[in-house]
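The exercises below ask you to read strand pairing and ligand surroundings from a structure. Work through each task with the sequence and the model side by side before turning to its solution.

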Amino acid sequence: MEELKRTKVKELLYSNPGADVLAKGWVRTKRGNKQVKFIALNDGSTVNNIQIVVNTELFDDELIAKITTGASIGVKGTLVESEGDQQAVEIQAKEIELYGECDPMKYPIQKKNTSLEYLRTVAHMRLRTNTFGAILRIRHNMAFAIHKFFNDKGFVYLNTPLITESDAEGAGDMFQVTTLDLANVPMHKDKVDFGKDFFGKKTSLTVSGQLEGELGATAVGEIYTFGPTFRAENSNTPRHLAEFWMIEPEMAFYDNYDNMALAEEFVKYLVKYALDNCMDDLKFLNDKYDDGLIERLRSVIGIPFQVVTYTEGIKILEDAIQNGTQFEYPVHWGTDLQSEHERYLVEKHFGKPVILIDFPKDIKAFYMKQNEDGKTVRGMDILFPKIGEIIGGSEREASLEKLEERIDELGMSRKNLEWYIDTRRFGSVPHSGFGLGFERLLLFVTGMSNIRDVIPFPRTPKNAEF
Ligand code: 4AD
Ligand code: MG
């Protein structure tokens, strides 16, 4: 069998009939009658299967019996024009090798139960489904497109540390990293003696690579990070993970408007890349889960996003409440918007993605550039249909005095941030950046509604399997 080189299913489906070919993969289904069996074979190269036609007279009954859903096989045969109208070509089997059996009584991926909720309970096997194949391929394509977008613009990919002493967002929901024996913690004057810890200080997993990103941007101009990010916020929602991936570009000499323009261009580029390169998978997801998906993707790349100040946004929401709209959470100037509010603005009021700017300084991080009004900062959040916030960013405070003042005001430690403050001490420049939540982007692009379904191995409160 091996003298013939294996061809991937994706390529076979677009090949001309006539030649002998070798396909390898996992059996999706087997049907047929005594004389002839039809096997749908998938190898993960595409969501589509190749049909194998098996003349039962040519093969052992025992072998055919073992070709069940989930089993892995290699098939040598002739690629012929298909008689069925489901596919252009199929393989007329000449030789079949069974690599691995798959007991139908025990295999957890069964046709009868493929709900996403069920699949989460067998997450180690769910990657074998068409749904997760499609999601993994789209995820890969988006990762590739992200690097391509920034590379084409001359940005430098900067790797920022995962273990850090800094709480960039000041939100405090960090996972501690320690080698101290938790059953016998060394103490010094009633406090934990972190001097005895591995790094000689208290360290955590990063919540953002931004602050280190600013070191890079103020050195080589334009950088981006793309890596895992950890947040110990106890939010069991369909949009939060404890471990997610974030893309954080940071640009010297960009003001917040340049920042917004780049962010809009970036997400449109990614959505268009998906439409141009992942159509089979998108069609599958569109038909199976969300028949508005492809339409929504197309609509987003075709229109300018709506720029709205936070203050205007609050006014719109207050008017909506006046007119009878009910929200679970209260809303007034000074509150952080909840996802229901964000979605109202995007889906009900404007009918397109919204870029919200100029937030009250008290609901945003210390590093955002302060506006002249003394009340607001030059932040920008991009809000998307079905999801809410997908991007958060800002122009950064470039003034040494203002930055230090704000750090003190918030009761943060200047000492721990000396390295960061140095960027403002030495050759400070106006600069901006943003963070795109990779899984939030994937929620949008795949149409999935739970973030646990767009990452292969989700980490959420009380769940860190594998
Ligand atoms: O708005 P955030 O907290 O912004 C930052 O971390 C800034 N340092 C970014 C920057 O300016 N460089 O997070 C950015 C994005 C959010 O808009 C959201 O898409 C995603 O990260 N995100 C999460 N995604 C999944 N699970 C979570 N728990 C998330 N928290 C934030
Ligand atoms: Mg945010």
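Two strands are said to pair if DSSP finds at least two bridges between them, and strands themselves are DSSP runs (E, at least two residues) numbered from the N terminus. This is a predicted model, in which local features need pLDDT of at least 70 and side-chain atom pairs count only at pLDDT 80 or more, while totals for chains, interfaces and linings use all residues. Residues are numbered from 1 along each chain as its sequence is written, chains are lettered from A and ligands numbered from 1 in the order in which they are written, and side-chain values use heavy atoms, with hydrogens and water left out.

**Exercise 1. Work out the order and the edges of the open sheet of 3 strands.**

Step 1. The strand order is 7-11-8, and the pairing is antiparallel.

Step 2. Strand 7 (163-164) and strand 8 (176-177) each have a single partner strand, so one side of each is left without a neighbour in the sheet.

Step 3. To check one pairing, take strand 8 and strand 11 (residues 203-205), which are joined by 2 bridges; Q176 has S204 as its bridge partner in strand 11.

**Exercise 2. Determine how strand 5 is joined to strand 3 and to strand 4.**

Step 1. Strand 3 (residues 50-55) runs parallel to strand 5 (residues 89-100), with 3 bridges between them, and I52 is partnered by I91.

Step 2. Strand 4 (residues 72-81) runs antiparallel to strand 5 and is joined to it by 10 bridges; here V75 is partnered by I96.

**Exercise 3. Trace the open sheet of 8 strands and find which of its strands contribute to the shell around ligand 1.**

Step 1. The order is 6-12-13-18-17-16-15-14, with mixed pairing, and the edge strands, strand 6 (156-157) and strand 14 (306-309), each pair on one side only.

Step 2. Within this order, strand 13 and strand 18 pair in the antiparallel sense over 5 bridges, A252 having H431 as its bridge partner.

Step 3. Strand 13 (243-252), strand 17 (388-395) and strand 18 (431-437) each supply at least two residues of the shell, and strand 17 gives the most, with 5 residues.

**Exercise 4. Describe the surroundings of ligand 1 and its polar contacts.**

Step 1. There are 24 residues around the ligand (a heavy atom within 4 Å), of which E169, Q210, E248, E389 and I390 come nearest.

Step 2. Polar contacts are pairs of N or O atoms within 3.5 Å. A nitrogen atom of ligand 1 lies 2.7 Å from a polar side-chain atom of Q210, a nitrogen atom of the ligand is 2.9 Å from a polar backbone atom of L241, and an oxygen atom of the ligand is 2.9 Å from a polar side-chain atom of R396.

Step 3. The protein covers 93% of the 630 Å² of accessible area (Shrake-Rupley method, 1.4 Å probe) that ligand 1 has on its own.

Technical notes. A polar contact is a pair of N or O atoms within 3.5 Å; within protein, one must be able to donate a hydrogen and the other to accept it, and residues adjacent in sequence count only if both atoms are side-chain atoms. Helices (H or I, at least four residues) and strands (E, at least two) are DSSP runs, numbered from the N terminus.
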